[in-house]
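Thanks, everyone. I will take a few minutes on one model, and I would ask you to have the sequence and the structure open while I talk.

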Amino acid sequence: MITLKRREEVDLMRQAGRRLAEVLDHLAALVAPGVTTTEIDRAANREIRRRASFPGFLGYEGFPKHLCISVNNQVVHGIPDGRRLVEGDIVSLDCGLIYQGWWADAGLTVSCGEVDQEGARLIRVTREALELGIAAAVPGNHLGDIGHAVQTHIETNGYSVVRGYTGHGIGRDMHEAPEVPNHGFPGRGIEIRPGLCLAIEPIVNEGEPGTLVEPDGWTVITADRRRSCYFEHTIAIGSDGAEVLTRLPEAV
Ligand code: MG
Ligand code: MG
């Protein structure tokens, strides 16, 4: 069932989103050669809790840590495990929190030190795909318009869209209806209406779209072992379009 959020509910989700944006800003700045994924995980726990929020990933379907960290050929759901980051890694941070009963879910891929040109292009194109998806999330459009915008940008740049993992509705639960695929046809799917809150999260492979799950039961890797990249925002649809709840206000 799809629930549309009332104004006062979106207000709380905005407060959750702002907190998560601050946390991710902090975590992204930690990514550097020599830093371990466990250090970033501990920082996530600390930064979330000091904002009167709960690290919702902890224990979610049994997930053992406070955020997902996926490096290079890891696609999503990587478990912080003490891995030491090295120069040139591309590092996806996916984090969620619960504030006063409301979820925010967001993430980004950052380069560790200097990344090669192709890695930098993969990151840029994926970030742009998310922005195009958000721009398509306006009242009167359909879910398929979001997926189509994301897919078109990814594929015209020579990359592939991972199919098995999608964006989603969000609110009192992290994963609510509807699913928000990163591919689709214009005009298909449910109509986008004010009060709809979504997490949009393009997941982009440098090579083929196929993925595998590691024996830990969580970490998704590319089948061809090439790199993968990811960006995510939680948004709320208003009468004029999408408001990004997990973006920090522009510095002036
Ligand atoms: Mg999500
Ligand atoms: Mg997420």
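Let me start with the spacing of a metal site. Along the chain, the donors of the magnesium ion (ligand 1) follow the pattern D-x62-H-x32-E-x30-E. Keep in mind that this is a predicted model.

Which atoms are these donors? The protein donors of ligand 1 are D105 (OD), H168 (NE2), E201 (OE) and E232 (OE), and they lie 2.0 to 2.2 Å from the magnesium ion. Distant parts of the chain are linked here: D105 is in strand β4, while E201 sits in the loop between β8 (197-200) and β9 (203-205), 96 residues apart. As for exposure, D105 is buried, and E201 is buried as well.

Now the second metal. The magnesium ion (ligand 2) is coordinated by D94 (OD), D105 (OD) and E232 (OE), at 2.1 to 2.2 Å. In sequence, the spacing of the donor residues of ligand 2 reads D-x10-D-x126-E. Within this set, D94 belongs to strand β3 (residues 90-99) and D105 to strand β4 (residues 102-111), and the two are 11 residues apart. Both D94 and D105 are buried.

How far apart are the two magnesium ions, and which residue bridges them? The distance between ligand 1 and ligand 2 is 3.1 Å, and D105 is the bridge.

Staying with D105, I want to point out one of its contacts. T234, in strand β13 (residues 233-237), touches D105. Leaving out residues up to four places away in sequence, T234 also touches M13, A104, I170, L198, A199, E243, V244, L245 and T246. Is T234 buried or exposed? T234 has a relative accessible area of 1%, so it counts as buried.

Last, a helix pair. Two packed helices are described by the angle between their axes and the distance between the axes. Here, helix α1 (residues 7-30) and helix α2 (residues 37-49) pack at an angle of about 155°, with the axes 10 Å apart. Because of that angle, α1 is roughly antiparallel to α2. The crossing of α1 past α2 is right-handed.

Which residues make the contact? From α1 they are V23, H26, L27 and L30, and these meet I40, A43, A44, R46, E47 and I48 in α2. Sorted by class, this contact has 7 nonpolar, 1 polar and 2 charged residues.

To go back to the metals once more: D105 coordinates both magnesium ions. I can take questions now.

Conventions:
Residues are numbered from 1 along each chain as its sequence is written. Chains are lettered from A and ligands numbered from 1 in the order in which they are written. This is a predicted model: local features need pLDDT of at least 70, side-chain atom pairs count only at pLDDT 80 or more; totals for chains, interfaces and linings use all residues. Side-chain values use heavy atoms; hydrogens and water are left out. Axes are lines fitted to C-alpha atoms, for helices over the stretch in contact, and angles run from 0 to 180 degrees between N-to-C directions. Helices (H or I, at least four residues) and strands (E, at least two) are DSSP runs, numbered from the N terminus. Angles under 35 degrees count as roughly parallel, over 145 as roughly antiparallel, 65 to 115 as roughly perpendicular and the rest as oblique. A crossing is left-handed if the near helix is turned anticlockwise from the far one by less than a right angle, and right-handed if clockwise. Contact means heavy atoms within 4.5 Å. Ala, Val, Leu, Ile, Met, Phe, Trp, Tyr, Cys and Pro count as nonpolar, Asp, Glu, Lys and Arg as charged, and the others, Gly among them, as polar. Donors are N, O and S atoms within 2.8 Å of the metal (3.2 Å for Na, K and Ca); water is not among the atoms, so sites may look incomplete. Buried means under 20% relative accessible area, exposed over 50%, partly exposed in between (1.4 Å probe, protein chains only).
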